[in-house]
Amino acid sequence: MPKAERPSIDAIEVRDLRREEIPQAVGVLARGMRDNPLHFAAYGVDPEQRVRSHALLVRGLFTTSPHQRPIVAVHEGRVVGVTGVAAPGSCQPSGLGKLRQLPALLTLGPRTAVRVAKWVSGWAALDPKETTHAHLGPLGVDAHLQGMGIGSLIMREYCRRLDTDGHHGYLETDKRENVAFYQRFGFTLIAESPIIGVPNWFMLRPPTS
Ligand SMILES: CC(C)(COP(=O)(O)OP(=O)(O)OC[C@H]1O[C@@H](n2cnc3c(N)ncnc32)[C@H](O)[C@@H]1OP(=O)(O)O)[C@@H](O)C(=O)NCCC(=O)NCCS
């Protein structure tokens, strides 16, 4: 990407997602995570279909979950990176929460919906329910802006909030290279398990004083 188009890291603001920014944040996550292994397994080989499918799910999550407090990185008014954060005690949706997400799931078509349901229930089964945590994810930086420090800015803010509130952080990832990235922020690996046939890593971070 030409240097002139690269956002300067000093000009990036990291803060709560505003409601009117949800469409932009959905686009960033859908594009940024398009080639993740779980997305291939759940949504299929067509890249445009993967973008569309993930956009539907993330839009559902951000618009229907009252417990989501996403963090965004914004450059000159444009969202360039985003993470969902589920408040402690809320990351496994209640019966009502599942019902709210059902329309988005059904729009994906029956086969994809079944794969996504297995994916979500596979993660839920490994959720460390005995450790109350602020659950990170989905996290993504726009596809053409990865590797420039934007994800690290978001992680720093998320961890700052964890430490201020005295909360554990928890996350799942379907990419081995991300394990080292999260370890930089104090996460440790607590489990490794396949989800719909894809290797996944599960990580926890205690608050630091
Ligand atoms: C993972 C992700 C959020 C990191 O944000 P980022 O802004 O690209 O990362 P930073 O520039 O702050 O840090 C770079 C580090 O991120 C890690 N990384 C993971 N995926 C990367 C990618 N696609 N490009 C560059 N770095 C990546 C590497 O450990 C890298 O360290 P290195 O520079 O020593 O190799 C981002 O790359 C992304 O959106 N990846 C695709 C979607 C994804 O995997 N999301 C996380 C799901 S759990």
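These legends go with close-up views of a predicted model.

**View A. The second largest pocket and its lining.** Here we're looking into a pocket with about 180 Å³ of space. Its lining is made up of 13 residues, and Arg69, Val85, Pro88, Ala134 and Asp165 are the ones nearest the centre. Helix 6 (residues 150-165) chips in the most, with four residues. By type, the lining splits into seven nonpolar, three polar and three charged residues.

**View B. Tyr43 and Trp119, a tilted ring pair.** The model has six aromatic pairs, and this is one of them. The ring centres of Tyr43 and Trp119 are 6.0 Å apart and the planes meet at 55 degrees; that angle is neither under 30 nor over 60 degrees, so the pair counts as tilted. Tyr43 belongs to helix 2 (residues 37-43) and Trp119 to helix 5 (residues 110-126), so the pair ties together parts 76 residues apart in sequence. Tyr43 is buried, at 4% relative accessible area, and Trp119 is buried too, at 6%.

**View C. Tyr158 and Phe187, a stacked ring pair.** With planes at 10 degrees and ring centres 6.4 Å apart, Tyr158 and Phe187 come out as stacked. Tyr158 sits in helix 6, while Phe187 is in the loop between helix 7 (176-183) and strand 6 (188-195), 29 residues apart. Both Tyr158 and Phe187 are buried. Zoom out a little for the cluster: ring pairs link Tyr158, Phe181, Tyr182, Phe185 and Phe187.

**View D. Arg50 over the ring of Phe40.** In this view, the charged end of Arg50 is perched over the Phe40 ring, 3.6 Å from the ring centre.

Methods
Residues numbered from 1 in each chain as written. Predicted model: local features only at pLDDT ≥ 70, side-chain atom pairs only at ≥ 80, totals over all residues. Heavy atoms only, no water. 1 Å grid on protein atoms, 1.4 Å probe; cavity = no way out; pocket = protein on both sides within 12 Å on 5 of 7 lines; lining within 4 Å. Points joined across faces, edges and corners; volume = space filled by probe spheres on them. Helix = DSSP H or I, 4+ residues; strand = E, 2+ residues; numbered from the N terminus. Nonpolar A, V, L, I, M, F, W, Y, C, P; charged D, E, K, R; others polar. Phe/Tyr/Trp six-rings, centres within 6.5 Å; stacked < 30°, edge-to-face > 60°. Buried < 20%, exposed > 50% of the residue type's maximum accessible area, 1.4 Å probe, protein only. Lys NZ or Arg CZ within 6 Å of the ring centre and 35° of its normal.
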